[in-house]
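User: Please take a close look at one part of this model, the nonpolar patch on the surface. Then set that part in the context of the rest of the chain.

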Amino acid sequence: MGLMWGIELVTDRESREPDAARATTLVEAASQEGLLVGLGGLHGNVVGIGPSMLITEDELAEAIRRFMRACDRVAEGAP
């Protein structure tokens, strides 16, 4: 039991075509930010985030900032 988020990456919102390549890039970018996130889903396009139940509000806020930096880098095309 615990907190778990799953973020599904797709190439297009209409077709919902899985984007496994971008998901892999996002996992790598998150790792460079010091975050350990997982890759899963039937098509390898779901980024899973599962922090400890003991996470503090400040730690969660910092993790979100780091994850957003990783997302920004991936959106800009940088690894």
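Analyst: In this predicted model, a nonpolar patch on the surface is formed by Leu3, Trp5, Met53, Ile64 and Met68, which together have about 480 Å² of accessible area. Patches are made of residues with over 30% relative accessible area and no salt bridge, with like charges joined within 9 Å and nonpolar side chains (Val, Leu, Ile, Met, Phe, Trp, Tyr) within 5 Å. Accessible areas come from the Shrake-Rupley method with a 1.4 Å probe, and for residues only the protein chains shown count as cover.

As this is a predicted model, local features need pLDDT of at least 70 and side-chain atom pairs count only at pLDDT 80 or more, whereas totals for chains, interfaces and linings use all residues. Residues are numbered from 1 along each chain as its sequence is written, and side-chain values use heavy atoms, with hydrogens and water left out.

One member of the patch, Met53, sits in the loop between strand 3 (46–49) and helix 2 (57–75). Helices (H or I, at least four residues) and strands (E, at least two) are DSSP runs, numbered from the N terminus. Met53 has 60% relative accessibility and therefore counts as exposed; the classes are buried at under 20% relative accessible area, exposed at over 50%, and partly exposed in between (1.4 Å probe, protein chains only).

Helix 2 also carries charged pairs. A salt bridge is a side-chain nitrogen of Lys or Arg within 4 Å of a carboxyl oxygen of Asp or Glu, and by this rule the count comes to 6. Glu62 takes part in a salt bridge with Arg65 (3.0 Å, N to O). Arg65 and Glu62 are 3 residues apart in helix 2, so about one helical turn separates them. Arg66 also forms a salt bridge with Glu62, with the closest N and O atoms 3.0 Å apart; here the two residues are 4 apart in helix 2, again a separation of about one helical turn. Each of these three side chains is partly exposed: Arg65 has a relative accessible area of 44%, Arg66 is at 27% relative accessibility, and Glu62 is at 26%.

Another salt bridge joins the side chains of Arg73 and Glu33 (2.8 Å, N to O). Arg73 lies in helix 2 and Glu33 in the loop between helix 1 (20–32) and strand 2 (38–40), so this pair ties together parts that are 40 residues apart in sequence. Glu33 is buried, at a relative accessible area of 14%.

In the loop between strand 1 (5–8) and helix 1 lies Arg16. The phi angle of Arg16 is near 60°, a positive value in a residue other than glycine.

As for the whole chain, it has 2 helices and 3 strands, which follow the pattern β-α-β-β-α along the sequence. Its radius of gyration is 13 Å, close to the 12 Å that the globule rule gives for 79 residues, so the chain is as compact as a globular protein of that length. That radius is taken over C-alpha atoms, and the globule rule is 2.2 Å times the number of residues to the power 0.38. Along the principal axes, the C-alpha atoms fill a box of roughly 35 × 30 × 20 Å. Of the 79 residues, 23% count as buried. The accessible surface of the chain comes to about 5,500 Å², with 55% of it belonging to carbon and sulfur atoms.
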